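Reader: I am new to this structure and would like to go through it step by step. Could the answers begin with the terms they rely on?

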Amino acid sequence: MTAVEVTGLTVRYDGATALDGVDLTVADHQAVALIGANGAGKSTLVKALSGLVRPASGTITVNDRLAQVPEGREMFPDLTVDDNLRLGAWRRGRRNRDTQRLYELLPDLVPLRNRKAGALSGGQQQMVAIGRALMADPEILVVDELSLGLAPLIVGTLAAHLRALHTDRGLAVLLIEQNARLALDLCDHAYVLEAGRIVLHGPSAELARDPRVTDAYLGAG
Ligand code: ATP
């Protein structure tokens, strides 16, 4: 069983190739990272998974219980945290879905529930974005740039929550992340995307000591 299966995915924009024959698999209950520099094609892959760009060739199969934590978080700033969370359930047609279970899962959100999302810090908003995605009761979470613009301390907290959701509850995760160290720490398996191609993939522990990864993505030493 797979949560996501991408084979031979090629995407072009006006003739420029953004993804070139990408193969990527996220098995059920697996946490997989996709790392790569700016412009490598990560956002294009996310868009292809959600059907926002049409592949030139290749196939994409996704579990229908896939939820996304979008890059930039996309809160409704004038709505409360509670209302932002409820919006995550709407997509599954559960308008009145109770947020109680979610607050048990992410208790850090409890004291924020009546605050307007726009008044929260970036890290708090990211927590709400994760919570909103979980409201759809997904089997796989696609997290686009968990750490972007956030302080290391809050990134650590968010990563710990995601790890717990994966290890304790079997949630599959596809983490698209510029911070390679975070991605390799969090995920069991990783893919490295360069100029639209997967140049390396394997268990995170192996990639973390591969000189091609340490030199280009993890800094010296
Ligand atoms: P970033 O981290 O900066 O978002 P990325 O890895 O997500 O980078 P993409 O945004 O997927 O990379 O871009 C891959 C390539 O496709 C880049 O060369 C980019 O310039 C190009 N590209 C992306 N979107 C478009 C578009 N709408 N039209 C033309 N070219 C595009």
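Author: A polar contact is a pair of N or O atoms within 3.5 Å. The model discussed here is predicted.

Reader: How far is an oxygen atom of the ligand from a polar backbone atom of Ala 40?
Author: The pair joins an oxygen atom of the ligand to a polar backbone atom of Ala 40. The cut-off for a polar contact is 3.5 Å. The distance for Ala 40 is 3.0 Å.

Reader: Which residue has a polar side-chain atom 2.6 Å from an oxygen atom of the ligand?
Author: For Lys 42, a polar backbone atom lies 2.8 Å from an oxygen atom of the ligand, so the side-chain pair has to be sought elsewhere within the 3.5 Å cut-off. The residue with a polar side-chain atom at 2.6 Å is Thr 44.

Reader: What share of the ligand's accessible area does the protein cover?
Author: On its own, the ligand has 630 Å² of accessible area. The part of this area covered by the protein is 58%.

Reader: Which helix gives the largest share of the shell around the ligand?
Author: The residues around the ligand include Tyr 13, Ala 18, Gly 39, Lys 42, Ser 43, Thr 44 and Gln 178. By class, this shell has four nonpolar, six polar and one charged residues. The largest share is three residues, and they come from residues 42-49, helix α1.

Reader: Is α1 largely enclosed or open?
Author: A residue counts as buried under 20% relative accessible area. In α1, the buried residues are Lys 42, Thr 44, Leu 45, Val 46, Ala 48 and Leu 49. Because six of the eight residues of α1 are buried, the helix is, with respect to the rest of the structure, largely enclosed.

Reader: Which residue with a positive phi follows α1?
Author: The phi in question is near 75°. The residue that follows α1 with this positive value is Gly 51.

Reader: Which helix gives the most to the lining of the second largest pocket?
Author: This pocket holds about 280 Å³ of space, and 17 residues line it. By class, the lining has eight nonpolar, two polar and seven charged residues. Both α3 (100-105) and α5 (152-169) supply at least two residues each. With three residues, the helix that gives the most is α3.

Reader: Which residue shares a side-chain polar contact of 2.7 Å with Asn 63?
Author: Asn 63 sits in the loop between β4 (57-62) and β5 (66-69). Its relative accessible area is 14%, so Asn 63 is buried. Among the residues nearest the centre of the second largest pocket are Asp 137, Pro 138 and Glu 139. The side chain that joins Asn 63 in the 2.7 Å contact belongs to Glu 139.

Reader: How far apart in space are Leu 9 and Gly 58?
Author: Leu 9 is part of strand β1 (residues 2-13). With 0% relative accessibility, Leu 9 counts as buried. In sequence, Leu 9 and Gly 58 are 49 residues apart. In space, C-alpha to C-alpha, they are separated by 4.1 Å.

Reader: Is Leu 218 buried or exposed, and what distance separates its C-alpha atom from that of Arg 181?
Author: Leu 218 is found in the segment after α8 (211-217). Its relative accessible area is 12%, so Leu 218 is buried. Along the chain, Leu 218 and Arg 181 are 37 residues apart. The separation of their C-alpha atoms is 6.2 Å.

Conventions: Residues are numbered from 1 along each chain as its sequence is written. This is a predicted model: local features need pLDDT of at least 70, side-chain atom pairs count only at pLDDT 80 or more; totals for chains, interfaces and linings use all residues. Side-chain values use heavy atoms; hydrogens and water are left out. A residue is near a molecule or strand if one of its heavy atoms lies within 4 Å of it. A polar contact is a pair of N or O atoms within 3.5 Å; within protein, one must be able to donate a hydrogen and the other to accept it, and residues adjacent in sequence count only if both atoms are side-chain atoms. Accessible areas come from the Shrake-Rupley method with a 1.4 Å probe; for residues, only the protein chains shown count as cover. Helices (H or I, at least four residues) and strands (E, at least two) are DSSP runs, numbered from the N terminus. Ala, Val, Leu, Ile, Met, Phe, Trp, Tyr, Cys and Pro count as nonpolar, Asp, Glu, Lys and Arg as charged, and the others, Gly among them, as polar. On a 1 Å grid over the protein atoms alone, a cavity is a set of points where a 1.4 Å probe fits but cannot get out, and a pocket is an open set with protein on both sides within 12 Å along at least five of seven lines; lining residues have an atom within 4 Å of a point. Grid points are joined across faces, edges and corners, and a volume is the space filled by probe spheres set on the points. Buried means under 20% relative accessible area, exposed over 50%, partly exposed in between (1.4 Å probe, protein chains only).
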